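Visitor: Hello! I am new here and would love a friendly tour. Could you bring up the sequence and the structure for me?

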Amino acid sequence: MIIFARGARTARMAVIAAAAALAVPLVVAPPAAADSPLRVHAAARGKFIGYAANTGPLANETAYRNIAATEFNQVTAENAMKWDSTEPSDGNYTFAGADQVVAFATANNQQVHGHTLVWHSQTPGWVQGLSATAMRTAMQDHIATVAGRYANNPALVSWDVVNEVFDDNGNMRTSFWYNTLGASYIADAFRYARAADSNARLCINDYNVEGINAKSTAMYNLVRQLRADGVPVDCVGFQGHLAIQYGFPSQVQQNMERFAALGVQVRVTELDVRMQMPRDSSKDTTQATYYRNVVQACLAVTACAGITIWGFTDKYSWVPDVFGGEGAALPWDANYSPKPAYTAIHDALDDGSGPGPDTTPPTTPGTPTASGVTSSGVSLSWAASSDAVGVTGYDVLRATGASGGTFAVVGTPTSASFVDSGLAASTTYRYQVRARDAAGNLSALSPVVSVTTTAGGGGPGPGPSSCRVAYTISPWGGSSGFTAGVTLTNTGTSTLSGWTLAFSLPTGQRITPPGWSATWSQSGQAVTATPLSWNSTLAPGGSTTIGFNGTHTGGTGEPTTFTVGGSSCTVV
Ligand code: XIL
């Protein structure tokens with residue numbers, strides 16, 4: 001049905017505000033003074049630094065995956081290796097989530113801690129109702145199958161064999177395990193785990209055992225007794241679910257040391273530091289101190305293998321679900337920006353024995369060049385800076401007037417160009433730029449460029465835009481139908497997500513629903529297209545082609561102006 005393609009295409013410049021309107025915040029802000037990821041510094045100190053993996057974002061969320069891959073050298077599955085995930089019904093094993101975590105860890109050179117083989121929570125009802133004999137058999141089968149699956153996998157180095165076997169007063173928790181099998185289930189679980197995996201470190205794990213108290217002392221006595229009995233317990237995990245309103249536990253380092261003296265490895269397995277919401281900077285500071293104290297305690301104890309943080313972003317944390325009114329427990333906020341807690345962990349790990357701090361600023365950027373000057377905006381670009389580690393972005397500073405005034409930052413692009421908008425007509429502005437690196441070093445300021453906006457009154461003049469549209473209309477021969485295609489390209493430097501494309505069809509043209517590759521709607525001659533899930537995100541340079549069939553009453557003209565997010569696109 002397509003009869004002919006559109007003829008000559010006319011390039012038209014569009015209004016200047018488009019790039020600014022399309023700019024979305026950087027997903028991952030580089031941490032100030034962070035010269036290397038946590039894992040580099042931890043490794044230099046002989047420790048691991050890990051996170052609990054949530055398999056949802058681990059599968060498909062780029063910002064999550066990037067931090068998980070680059071900052072950590074250890075991982076624990078937050079839920080995917082628990083009994084209800086791995087053996088939801090008797091003898092039916094599912095390892096999709098567990099394997100996903102192990103595969104990601106393997107791809108990123110991370111060690112995996114298995115969590116957890118025997119626990120009273122997240123264990124299906126069918127286990128809880130078994131007789132003593134059947135329950136012991138079920139436990140043995142489960143351990144043999146789950147631990148056995150990864151026994152020869154070099155990524156999986158340790159297991160929580162039992163989890164949370166104590167009450168806070170130091171008595172044995174009267175879980176269904178204890179009530180059915182007595183305390184012997186603990187030794188049995190360790191022996192079954194050793195039989196299933198002869199190399200993994202086998203751990204006992206609990207909460208509220210970080211400092212010296214009745215519960216940690218009960219744990220200490222149990223570990224000592226088990227080892228005296230020849231039970232293969234070779235690691236003790238302190239969960240580390242802390243809260244700033246309850247104070248920092250006392251004698252954390254000494255507690256680690258007394259366990260270490262038993263000959264076991266120790267580790268912090270589930271560190272988070274929650275606070276009563278709302279979050280504020282003073283709470284952030286206290287939280288950072290808690291994180292730092294934990295890291296320093298581990299660093300001070302040779303037997304402490306490392307620290308696992310229970311998640312890493314407030315976007316995915318168990319805290320708000322479990323502790324009413326509390327949250328913000330992790331080192332990255334819900335937008336993946338590092339918090340003071342991140343810097344505290346980083347700086348505690350970084351004693352200078354790893355890669356030294358980067359104190360060298362980037363080179364000075366070139367003088368900005370102005371183009372596309374309109375009555376309300378200007379496009380600037382400049383010769384890029386270089387840096388020993390890497391330029392992470394630029395500050396664009398502006399002062400009003402041909403002289404005098406104060407330069408203030410008006411933009412922080414990540415590459416060497418910027419579109420300024422919202423300017424007054426017939427006004428002179430001065431611009432200069434400087435570069436930033438990941439450690440926060442700033443270059444010297446570039447020379448100044450002066451720009452005078454045009455008089456205005458004639459509507460938006462030509463200027464750069466952050467989107468480009470190529471529109472084709474193919475009339476159907478001998479009828480009033482046509483097919484139209486629109487290729488939308490993100491010409492900006494930021495990812496475009498959840499876009500809305502709007503334009504006006506010439507009089508007499510109507511879309512015949514539904515169209516394709518977008519959700520189309522028409523009101524009068526105004527048309528909007530919103531993306532489907534698969535094309536809702538356009539990376540810089542990315543494009544998508546959408547289209548529709550339509551009818552006309554004779555005219556097969558084309559729309560002239562296309563906007564995304566209200567800003568005009570270049571039309572080609
Ligand atoms: C939590 C997870 O974070 C949640 O997603 C889940 O709903 C419940 O369990 N101690 C442990 C962890 O040993 O397994 C728990 O993880 C947190 C407390």
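Visitor: Which strands each supply at least two residues of the lining of the second largest pocket?

Guide: Welcome! Please keep in mind that this is a predicted model. The second largest pocket has a volume of about 510 Å³. Of its 27 lining residues, Y207, Q239, H241, W318 and F323 are the closest to its centre. Two strands each give at least two residues to this lining: strand 7 (241-243) and strand 8.

Visitor: Which element gives the largest share of that lining of the second largest pocket?

Guide: The lining of the second largest pocket is a mixture of 11 nonpolar, 10 polar and 6 charged residues. The largest share amounts to 3 residues, and the element that provides them is strand 7.

Visitor: Now for the enclosed spaces. About how much space lies in the largest cavity?

Guide: The structure contains 3 cavities of 30 Å³ or more. Among the residues lining the largest cavity are F238, L242, F248, M256 and V294. The space inside the largest cavity comes to about 60 Å³.

Visitor: How many of the residues lining the largest cavity are nonpolar?

Guide: The lining of the largest cavity includes E210, G240, P249 and L271. Helix 12 (252-260) and strand 8 (265-276) each contribute at least two residues to it. Sorted by type, this lining has 1 charged residue, 1 polar residue and, to finish, a nonpolar count of 9.

Visitor: Let us turn to the ligand. Which residues come nearest to it?

Guide: There are 13 residues around the ligand. One of them, E78, has a polar side-chain atom 2.4 Å from a ligand oxygen atom. The residues that come nearest are E78, K82, H115, E270 and W310.

Visitor: What percentage of the exposed area of the ligand does the protein bury?

Guide: Two further polar contacts help to picture the site. A polar side-chain atom of H115 lies 2.6 Å from an oxygen atom of the ligand, and E164 places a polar side-chain atom 3.1 Å from a ligand nitrogen atom. On its own the ligand exposes 410 Å², and the share of this area that the protein buries is 80%.

Visitor: H115 has come up beside the ligand. Which residue does a cis peptide bond join to H115?

Guide: The omega angle of this cis bond is about 0°. The partner of H115 has its place in strand 3 (residues 111-118). That partner is T116.

Visitor: Where does P514 lie, the residue at the end of the cis peptide bond from P513?

Guide: The bond from P513 to P514 is cis, and its omega is near 5°. P514 belongs to a strand covering residues 510-516, namely strand 22.

Visitor: What is the phi of Q251?

Guide: Q251 sits in the loop between strand 7 and helix 12. Although Q251 is not a glycine, its phi is positive, at about 60°.

Visitor: One last look at the whole chain. How far apart are the C-alpha centres of domain 2 and domain 3?

Guide: The domain assignment divides the protein chain into domain 1 (38-349), domain 2 (369-452) and domain 3 (467-571). For domain 2 and domain 3, the distance between the C-alpha centres is 34 Å.

Terms used. Residues are numbered from 1 along each chain as its sequence is written. This is a predicted model: local features need pLDDT of at least 70, side-chain atom pairs count only at pLDDT 80 or more; totals for chains, interfaces and linings use all residues. Side-chain values use heavy atoms; hydrogens and water are left out. Domain bounds come from an automatic or database domain assignment. On a 1 Å grid over the protein atoms alone, a cavity is a set of points where a 1.4 Å probe fits but cannot get out, and a pocket is an open set with protein on both sides within 12 Å along at least five of seven lines; lining residues have an atom within 4 Å of a point. Grid points are joined across faces, edges and corners, and a volume is the space filled by probe spheres set on the points. Helices (H or I, at least four residues) and strands (E, at least two) are DSSP runs, numbered from the N terminus. Ala, Val, Leu, Ile, Met, Phe, Trp, Tyr, Cys and Pro count as nonpolar, Asp, Glu, Lys and Arg as charged, and the others, Gly among them, as polar. A residue is near a molecule or strand if one of its heavy atoms lies within 4 Å of it. A polar contact is a pair of N or O atoms within 3.5 Å; within protein, one must be able to donate a hydrogen and the other to accept it, and residues adjacent in sequence count only if both atoms are side-chain atoms. Accessible areas come from the Shrake-Rupley method with a 1.4 Å probe; for residues, only the protein chains shown count as cover.
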